[in-house]
Amino acid sequence: MDETVVKKTRANKKVVIGISGASGIIYGLRAVEVLKEYGYDQHVIITNAAIKVAEKENGIDLVHEVRKFTSNIFMENEIDAPTSSSSFTVTTKGMIIIPCSINTLAYIAHGFASNLLTRSAINFLRNRQKLVLVIRETPLGQIELYNALKIAKAGGIIMPASPGFYIKPTKIQDLIDFIVGKALDLLGIRNELYKRWSKSDQDPSYQVS
């Protein structure tokens, strides 16, 4: 097989996942679980704050749980990890930070490569590679919106963890899968985690004004 084709094939099966210290750690865990099922080579970056939130919010050891799905786990201080190099980004489908804390959003927006997570994200922006930030915070003030706008202008994708209810969810897992499915969509990863909108789903009495 041609070497270029081989590299392209590998890139199509490699994803970087960042899990930062925001509420909604379950989104990140579900993402790595699904990517494992789909056969993707994952590089997962976990912040110290994410470990604390996972313990308080979910009562789990985050690193232990992620290790069920991949051995490529890096902590925020491992600045010598593969994702620390901008040349690594071109070998991947892209990067998703899920959930993305407001602190992480601010650091990326202002170019502060202070840890492995923010440095990796900045690498993706620098190389015009796909970067998706799943922010889970409400309300959003002027400062957060300004930071989000800066990243969007730099080529990143801002995706609030705001589930749609047209899927007619019956359990929390439906809402989790909706957000994770949407995030994977943005990297071009085909999935069937949620029911996609179609005109046939529309209530006949509903009219758009």
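**Exercise 1.** Which residues in helix 2 meet which residues in helix 9?

*Solution.* Keep in mind that we're working on a predicted model. Start by locating the two elements: helix 2 covers residues 25-37 and helix 9 covers residues 172-186. Now list the contacts. On the helix 2 side you should find Ile26, Tyr27, Arg30, Ala31, Val34 and Leu35. Their partners in helix 9 are Gln173, Leu175, Ile176, Asp177, Ile179, Val180 and Leu184. Sort this set by character and you get ten nonpolar residues, one polar and two charged.

**Exercise 2.** Work out how the axes of helix 2 and helix 9 are arranged.

*Solution.* Take the distance to begin with: the axes come within 9 Å. Next, the angle, which is roughly 65 degrees. Last, the hand: this crossing is right-handed.

**Exercise 3.** Pick out the residues that touch the most other members of the largest nonpolar core.

*Solution.* The core holds 37 residues, and the ones to pick are Ile17, Ile46, Leu62, Ile96, Ile98 and Val134. Then ask who contributes: helix 2 gives the largest share, seven residues. There's also a second, separate core of 23 residues, with Phe88, Ile97, Ala121 and Leu125 among them.

Now zoom in on Val134. Skip its neighbours within four places in sequence, and its contacts are Ile96, Ile97, Ile98, Pro99, Cys100, Met159, Ala161, Ile179 and Ala183. Ile179 should ring a bell, as it sits on the helix 9 side of Exercise 1.

**Exercise 4.** Sum up the whole protein chain.

*Solution.* Count the elements: nine helices and six strands. Then check burial: 45% of the 209 residues are buried. Finally, the accessible surface comes to about 11,200 Å², with 52% belonging to carbon and sulfur atoms.

Technical notes. Residues are numbered from 1 along each chain as its sequence is written. This is a predicted model: local features need pLDDT of at least 70, side-chain atom pairs count only at pLDDT 80 or more; totals for chains, interfaces and linings use all residues. Side-chain values use heavy atoms; hydrogens and water are left out. Axes are lines fitted to C-alpha atoms, for helices over the stretch in contact, and angles run from 0 to 180 degrees between N-to-C directions. Helices (H or I, at least four residues) and strands (E, at least two) are DSSP runs, numbered from the N terminus. A crossing is left-handed if the near helix is turned anticlockwise from the far one by less than a right angle, and right-handed if clockwise. Contact means heavy atoms within 4.5 Å. Ala, Val, Leu, Ile, Met, Phe, Trp, Tyr, Cys and Pro count as nonpolar, Asp, Glu, Lys and Arg as charged, and the others, Gly among them, as polar. A nonpolar core is a set of buried Ala, Val, Leu, Ile, Met, Phe, Trp, Tyr and Cys residues joined through side-chain atoms within 4.5 Å. Buried means under 20% relative accessible area, exposed over 50%, partly exposed in between (1.4 Å probe, protein chains only). Accessible areas come from the Shrake-Rupley method with a 1.4 Å probe; for residues, only the protein chains shown count as cover.
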